[in-house]
Amino acid sequence: EDDNSISSKTKKSDGKANNFSFYPNPSDGNFILDLDLNGKEDALVSITDMDGKEVYNEKISGSDNSSKTIDLGGKKGTFIVTIKQGRNTTSKKIIIE
């Protein structure tokens with residue numbers, strides 16, 4: 001079963017190879033980031049505010065799946081979580097209340 005899912009992900013050519021989700025959203029500043037990296041390349045996780053100011057940055061070793069607890073304690077507002085792996089970049093919004 002796992003072999004089929006890996007081969008189907010490899011065939012994707014839409015540039016969205018890195019999938020991720022986080023919860024809860026909205027959050028109080030503490031949230032879990034679940035990554036499905038689909039590859040051996042390291043991924044760069046960055047979080048910026050709506051003005052483009054970076055508030056978090058971490059390199060995560062390439063692997064299939066990874067889960068990370070992130071604490072942006074004290075910050076409030078809407079932020080952009082961006083995952084870069086190789087040439088692929090995916091961004092999503094998170095709200096911190």
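Start by selecting residues 43-49 and 77-85 in this predicted model: these are strands E3 and E6, which pair antiparallel through 7 bridges. To find one of the contacts in this ladder, click on Ala43, whose bridge partner in E6 is Gln85.

Keep E3 selected and color it by burial. Of the 7 residues in E3, 6 are buried, so the strand is mostly covered. Put more plainly, "mostly covered" is simply a description of that count of 6 out of 7.

Next, add residues 54-60, which make up strand E4. E3 and E4 run antiparallel and are joined by 6 bridges. Click on Ser46 and look across to E4, where Asn57 stands opposite. Then follow the chain round the hairpin between these two strands: 4 residues lie between them, and Gly52 has a positive phi near 90°.

Now bring in residues 88-96, strand E7, to complete the picture. The four strands form an open sheet in the order E4-E3-E6-E7, with antiparallel pairing. E4 and E7 are the edge strands, each pairing on one side only. Sight along this sheet and you can look for the turn from strand to strand, which averages 15° between neighbours, direction ignored.

Time for the other sheet. Select residues 19-23, 30-36 and 65-71 to show strand E1, strand E2 and strand E5. Together, E1, E2 and E5 form an open sheet of 3 strands, in that order and with antiparallel pairing. E1 and E5 stand at the edges with a single partner strand each, so one side of each has no neighbour in the sheet. Here the average turn between neighbouring strands is 20°, again with direction ignored.

Zoom in on E1 and E2, which pair in the antiparallel sense over 5 bridges. Pick Phe22 in this ladder and look for its bridge partner in E2, Leu33.

Stay with Phe22 and switch on side chains for Phe20 and Phe31 as well. What do ring pairs link Phe20, Phe22 and Phe31 into? They are linked into a cluster. A search of the whole structure finds 2 aromatic pairs. In one of them, the ring centres of Phe20 and Phe22 are 6.0 Å apart and the planes stand at 40°, so this pair is tilted rather than stacked or edge-to-face. Phe22 also pairs with Phe31, this time edge-to-face, with 6.0 Å from centre to centre and 65° between the planes. Are these rings buried or exposed? Phe20 and Phe22 are buried, and Phe31 is buried too.

Before leaving the cluster, show Lys92. Its charged end sits over the ring of Phe20, 4.7 Å from the ring centre.

Finally, zoom out and color the whole chain by secondary structure. You should see 1 helix and 7 strands, arranged along the sequence as α-β-β-β-β-β-β-β. Of the 97 residues, 32% count as buried. Switch to a surface view for the last stop: the chain exposes about 6100 Å², and carbon and sulfur atoms supply 45% of that area. If you then display contacts with a separation of 6 or more, residues 24 or more positions apart account for 54% of them.

Notes:
Residues are numbered from 1 along each chain as its sequence is written. This is a predicted model: local features need pLDDT of at least 70, side-chain atom pairs count only at pLDDT 80 or more; totals for chains, interfaces and linings use all residues. Side-chain values use heavy atoms; hydrogens and water are left out. Rings of Phe, Tyr and Trp (its six-membered ring) pair if their centres lie within 6.5 Å; planes under 30 degrees apart count as stacked, over 60 as edge-to-face and the rest as tilted. Buried means under 20% relative accessible area, exposed over 50%, partly exposed in between (1.4 Å probe, protein chains only). A charge sits over a ring if NZ of Lys or CZ of Arg is within 6 Å of the ring centre and within 35 degrees of the ring normal. Two strands pair if DSSP finds at least two bridges between them. Axes are lines fitted to C-alpha atoms, for helices over the stretch in contact, and angles run from 0 to 180 degrees between N-to-C directions. Contact means heavy atoms within 4.5 Å. Accessible areas come from the Shrake-Rupley method with a 1.4 Å probe; for residues, only the protein chains shown count as cover.
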